[in-house]
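Let's take a walk through this structure together. Keep the viewer open and follow along as we go from one spot to the next.

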Amino acid sequence: MAEKSSETMKKIVSLAKRRGFIFQSSEIYGGLKACYDYGPLGVELKRNVKNAWWRDIVHKREDVVGLDCSIIMHPDVWKTSGHLAGFSDPLVDCKNCKERFRADHAPEREPGSETTYLEGGKSSGKKVKGVVGEQGYICPVCGCGDLSDERQFNLMFRTSLGPVDPMQELINHIDELSGLDKNARKEKVAEIINKSAVYLRPETAQGMFVNFKNILDSSRVKPPFGIAQQGKSYRNEITTSNLTFRTCEFEQMELEFFVEPGTDDEWYDYWKNARLNWYKSLGISEERLRLREHEVSELAHYAKGCSDVEYFYPFENEEGEGEWGELEGIANRTDYDLTKHAEATGKDLTYFETETKKRYIPYVIEPAAGADRATLAFLCDAFCEETVTDAKGNEDIRSILKFHPRLAPIKAAVFPLVKKDGMPEKAREIVDALLDEGISTTYDQAGAIGRRYRRMDEVGTPWCITVDGDSLNDDTVTVRDRDTMEQQRMPVSEVIAFIKSKLR
Ligand code: GAP
């Protein structure tokens, strides 16, 4: 019988911690909700994902240039982009267990239908029956239908810039504030806070729009061309879950591709296919990958079209069967952003084509991916278990991360068959030669060779190179393939070329 997705996910979470891929942030202090740290192997995996993206999107193309913007930008950027007014989630409080949750993520139920839950949301609470309200959903924690009205909650993290501490300013005005009525007090508090308020960017994209003119003026680009950026973004997400899938601090890999209006549909199709194929080219199983075109009702007001590349993650849901989750969104943002920034700043953000004398504000096709979600998808997709039988007929479970070699945190492991007779020295020489070529390699001489293979399979190392007695005489080694477990003998002098050919 196929294993439940939730069981698979538990194994992946456990492996991720045990082998140093992903740790809970500040774990020795009890952890911090939805914040994670990448361990020694996780940081390599994520870096390889980001490098693969940068190589394919920027280095391998002549029509894309890179950018690295500051995380804190002028606060008016977020006014213009609409994030200050509109970037919010509908929040609801459960009157029974007091949980605050996102209305759009709550389990849907028929209004008026019956629902049962534990009083106070406590396991010791009495089982009671209630009714689902007009909203048509229940509390995701206790199942109660007695909920507050929805309130909008802005997702941007606010902080302050400069020598003025807004808290101190409020204290300085405390007498004045207490003399005001509720609305006037609210306005005064906002005025004090907004004097020094800045925001951690919720997306990297706006950096590309506000630098559009700088890049046109300083580089030899002309539409169709793209500006690419990777970097941290921050959203005060209320519902966070499933390891690094939805967190408050995450990394994005975004491309804003500027095209002549009228050619946008063609480029939209081009990027949808290119981005779907990118994940396939790095080994993600086709059956767990899909492109989902948004319904018109789902589209942001500025978008002409939007499609998500989705991956079937092994997350626990009500059926325990896993669920489709967004890896990346590809949107046709039209000329909305450049037009709005031009209006707000009075700067000319048009492009003038000298040959045709045409002037226009380019349309933008935006493939916006998440580095953490992609890393998690590659990790989940690579995980598998196989039953293997040893020479004595004993069965064992082999746990493997079948990463694409380009993504594997460690590319090769070198083992001396035994810890004597010059084998460790020979193995060390091979490690040094591989490291010199920039191939991340590890040395392991601890325990039986079979156990060393298992350790490397579990972290996804594609090749294990073993130095044995013959190696000292004929300068050959065995190279074992992680996925097939087949071994081939080859001269030491060919190992580097062999690995490089596979990584290309
Ligand atoms: N500029 C467009 C934009 O930011 P988005 O769909 O909100 O679009 C793009 O974000 C990608 O960033 C998502 O497809 C996802 O991979 C990643 N992402 C967004 N919010 C995230 C979160 N809270 N945690 C992890 N990744 C997130």
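Start at helix 14, which covers residues 449-459. Its buried residues are Arg452, Tyr453, Met456, Asp457, Glu458 and Val459. Keep in mind that this is a predicted model. Just after helix 14 comes Gly460, and its phi is positive, near 85°. While you're here, have a look at Tyr453 again: the charged end of Arg480 sits over its ring, 4.3 Å from the centre. There's another arginine to look at in this way, Arg428, which lies over the face of Tyr443 at 3.7 Å from the ring centre.

Rings also meet other rings in this model. A search of the whole structure turns up 23 aromatic pairs. One of them joins Tyr279 and Phe378, a stacked pair with 6.3 Å from centre to centre and 25° between the planes. Tyr279 belongs to helix 10 (residues 264-281) and Phe378 to helix 12 (residues 371-382), so this pair ties together parts that are 99 residues apart in sequence. Tyr279 and Phe378 are both buried. For a cluster, pull up Phe209, Phe212, Phe225 and Phe258, which are linked by ring pairs.

Next stop: Glu293, which you'll find in strand 13 (residues 289-293). Is Glu293 buried, exposed or partly exposed? Its relative accessibility is 41%, so Glu293 counts as partly exposed, since that label covers the range between under 20% for buried and over 50% for exposed. Which residues does Glu293 touch once its neighbours within four places in sequence are set aside? The contacts are with Tyr268, Lys272, Cys306 and Ser307. Two of these can be followed down to single polar contacts. The side chain of Glu293 makes one with the side chain of Lys272, at 3.0 Å, and another with the side chain of Ser307, at 2.9 Å. Along the chain, Glu293 and Lys272 are 21 residues apart, and their C-alpha atoms are separated by 9.8 Å.

Now swing over to the ligand. It's surrounded by 20 residues, and the closest are Glu203, Glu237, Thr247, Glu254 and Glu326. Zoom in on Glu254 and you'll see a polar side-chain atom 2.5 Å from a nitrogen atom of the ligand. Gln252 also brings in a polar side-chain atom, which lies 3.0 Å from an oxygen atom of the ligand. With Gly370 it's the backbone that takes part: one of its N or O atoms lies 3.1 Å from an oxygen atom of the ligand. How much of the ligand does the protein bury? On its own the ligand exposes 550 Å², and the protein buries 89% of that. The elements giving two or more residues to the shell are strand 12 (249-259), strand 15 (323-334) and strand 18 (363-370). Of these, strand 15 gives the most, with five residues.

Finally, zoom out to the whole chain. You're looking at 16 helices and 25 strands, in a C-alpha trace that spans about 90 × 75 × 45 Å along its principal axes. Of the 504 residues, 49% are buried. The accessible surface comes to about 25,600 Å², with 49% of it belonging to carbon and sulfur atoms. As for how the chain meets itself, take the contacts with a separation of 6 or more: 65% of them are between residues 24 or more positions apart. The Tyr279 and Phe378 pair, which links parts 99 residues apart, is a good place to go back to with that in mind.

Note on methods:
Residues numbered from 1 in each chain as written. Predicted model: local features only at pLDDT ≥ 70, side-chain atom pairs only at ≥ 80, totals over all residues. Heavy atoms only, no water. Phe/Tyr/Trp six-rings, centres within 6.5 Å; stacked < 30°, edge-to-face > 60°. Helix = DSSP H or I, 4+ residues; strand = E, 2+ residues; numbered from the N terminus. Buried < 20%, exposed > 50% of the residue type's maximum accessible area, 1.4 Å probe, protein only. Lys NZ or Arg CZ within 6 Å of the ring centre and 35° of its normal. Contact = heavy atoms within 4.5 Å. Polar contact = N/O pair within 3.5 Å; in protein donor to acceptor, adjacent residues only side chain to side chain. Near = heavy atom within 4 Å. Areas by Shrake-Rupley, 256 points an atom, 1.4 Å probe, with all protein chains shown as cover.
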